[in-house]
Amino acid sequence: MAYRRILLPLTGTSAGEAALATALMIARIWHSHVHCLHVRVDARDVAPLAGEGLSGAMIEEMMAATERESGDRAARVRALFDRFVDGKDVVIADNAETANKSEAQATMSFESVAGREEDLVAQRSRLYDMAVVPHPEAGEDVSSSDALHAVLFDSGRPVLIAPREAPKTIGIRVCCAWNGSAESAAAIAAALPWLHHAEAVQVLYSGDYQRRGPAFNGILAYLRWHNITAEAREFKPVTKEVGAGLLGGARDFGADLLCMGAYSHSRLRQLILGGVTRHVLENAELPVLMCR
């Protein structure tokens with residue numbers, strides 16, 4: 001098992017370069033391919049505003065302005081990609097044949113398409129083993145990360161949220177958050193290649209985090225069937241924040257990767273009341289592999 005195809009949605013944010021570095025680090029571990037996808041805003045999406053009392057001339061001007069801004073942003077994202085790969089030991093490969101023939105540890109490609117980001121990213125990522133997404137911008141509501149939630153909710157694939165700064169290592173010491181839910185089970189299943197690769201694995205659990213389902217000793221037995229030895233550690237919430245306690249447990253272990261289920265409660269409830277997923281997304285300083 002390995003991650004042979006990785007999708008990286010790029011939007012041109014300041015976190016994009018850290019996500020590129022994280023994705024390339026992963027690709028070199030697994031000798032895989034990273035496809036960078038930039039989704040431009042489609043100017044035709046402005047057309048429905050004609051029903052809002054705007055004249056045809058106003059609509060045309062808005063479409064032209066949208067096209068210009070979208071093109072400028074796409075050029076900046078392409079320039080970011082070109083600067084990143086310049087001088088690095090990486091081969092640009094546009095198809096599987098070229099990638100498979102390459103002797104480089106990692107290959108990359110870039111594509112810019114027009115459309116709705118949440119739709120295209122969700123659909124495209126179904127053909128990849130994993131998506132890597134940039135960390136939400138500082139001060140930005142995590143709920144606005146269309147690419148992140150598209151993969152989590154509509155792709156059936158794991159998503160790895162890159163930290164704000166590229167990590168020095170990834171997958172050497174791995175923490176798995178366990179609460180007995182279907183989401184946490186899916187995350188551990190998706191992380192099995194990482195767990196086999198890791199030098200040390202720890203399962204983090206807490207009574208405040210547990211949902212209806214098997215306790216931590218059950219997942220330890222499951223991992224033993226996969227020849228993975230893991231230790232279990234109970235963590236405590238920090239100032240009543242379960243997410244803060246979970247991140248604290250990962251820091252104490254010296255983890256360079258955390259895998260966990262996402263949104264065991266509904267996304268709406270987490271956005272309104274907060275929750276473990278939201279806290280981790282907004283505050284994690286290490287790569288986080290999530291599944292839902």
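**The second largest pocket**

Select the lining of the second largest pocket: by class, this lining has four nonpolar, five polar and three charged residues. The model is a predicted one. To display the lining, pick Arg4, Arg5, His33, His35, Ala93, Asp94, Asn95, Ala96, Ala99, Asn100, Ser109 and Tyr128. The volume of this pocket is about 200 Å³.

Which elements each supply at least two residues of the lining? They are β2 (33-40) and α3 (96-101). With three residues, α3 gives the most to the lining.

**The whole chain**

Now zoom out and colour by secondary structure. The protein chain has 11 helices and 11 strands. Of its 292 residues, 50% are buried. Among contacts with a separation of 6 or more, 79% are between residues 24 or more positions apart.

**The nonpolar cores**

The largest nonpolar core has 46 residues, and Met108 and Leu195 are those with the most contacts inside it. Helix α1 (residues 16-30) provides the largest share of this core, seven residues. A second, separate core has 40 residues, including Val133, Val159, Tyr263 and Leu286.

Select Leu195 next and show what surrounds it. Beyond its neighbours within four places in sequence, Leu195 is in contact with Val174, Cys176, Ile188, Val201, Leu223 and Ile228. Keep Ile188 and Leu223 in view, since Ile188 belongs to a stop on α6 and Leu223 to a stop on α8.

**Thr22 in helix α1**

Move to helix α1 and select Thr22, which is found there. Is Thr22 buried or exposed? Thr22 counts as buried because its relative accessibility is 0%, below the 20% cut-off for that term. Leaving out residues up to four places away in sequence, Thr22 touches Leu160, Ala162, Pro163, Ala166, Pro167 and Ile170.

**Helix α6**

Select α6, which covers residues 182-190. Its buried residues include Glu183, Ser184, Ala187, Ile188 and Ala190. Why do these residues lie on the same side of α6? They cover an arc of only 160° around the axis, and so they share that side. Among the elements covering the buried residues of α6 are β7 (173-177), α7, α8, β10 (257-261) and β11 (288-291).

**Trp178, in the loop before α6**

Step back along the chain to Trp178, in the loop between β7 and α6. Trp178 is buried, because its relative accessible area is 4%. Show its contacts: not counting residues up to four places away in sequence, Trp178 touches Ser184, Ala185, Ile188, Val203, Leu204, Tyr205, Tyr209, Gln210, Pro214, Ala215, Phe216 and Ile219.

Two of these partners can be checked with a distance tool. Trp178 and Ile188 are 10 residues apart along the chain, with 8.6 Å between their C-alpha atoms. Trp178 and Ile219 are 41 residues apart in sequence, and their C-alpha atoms are 7.9 Å apart.

**Helix α8**

Follow that second distance to Ile219, which lies in helix α8. Ile219 counts as buried because its relative accessibility is 6%. Besides Trp178, Ile219 touches Ile188 and Val203, again not counting residues up to four places away in sequence.

Now select the whole of α8, residues 216-225. Ile219, Leu220 and Leu223 are buried here. They cover an arc of only 105° around the axis, which puts them on the same side of α8. The reason for such a pattern is general: an α-helix has 3.6 residues a turn, so residues three or four places apart point the same way.

What covers the buried residues of α8? The cover includes α6, α7 (192-197), β8 (200-205) and β9 (231-234). Turn the view to the face of α8 that points away from its buried side, where the exposed residues Arg224 and Trp225 sit. After α8 comes Asn227, which has a positive phi, near 60°.

**Helix α11**

The last stop is His279, in helix α11 (residues 276-283). His279 is buried, because its relative accessible area is 17%, and the cut-off for that term is under 20%. Aside from residues up to four places away in sequence, the contacts of His279 are Glu241, Gly243, Ala244, Leu247 and Ala284.

Definitions and conventions. Residues numbered from 1 in each chain as written. Predicted model: local features only at pLDDT ≥ 70, side-chain atom pairs only at ≥ 80, totals over all residues. Heavy atoms only, no water. Buried < 20%, exposed > 50% of the residue type's maximum accessible area, 1.4 Å probe, protein only. Helix = DSSP H or I, 4+ residues; strand = E, 2+ residues; numbered from the N terminus. Arc of directions from axis to C-beta. Contact = heavy atoms within 4.5 Å. 1 Å grid on protein atoms, 1.4 Å probe; cavity = no way out; pocket = protein on both sides within 12 Å on 5 of 7 lines; lining within 4 Å. Points joined across faces, edges and corners; volume = space filled by probe spheres on them. Nonpolar A, V, L, I, M, F, W, Y, C, P; charged D, E, K, R; others polar. Core = buried A, V, L, I, M, F, W, Y, C linked by side-chain atoms within 4.5 Å.
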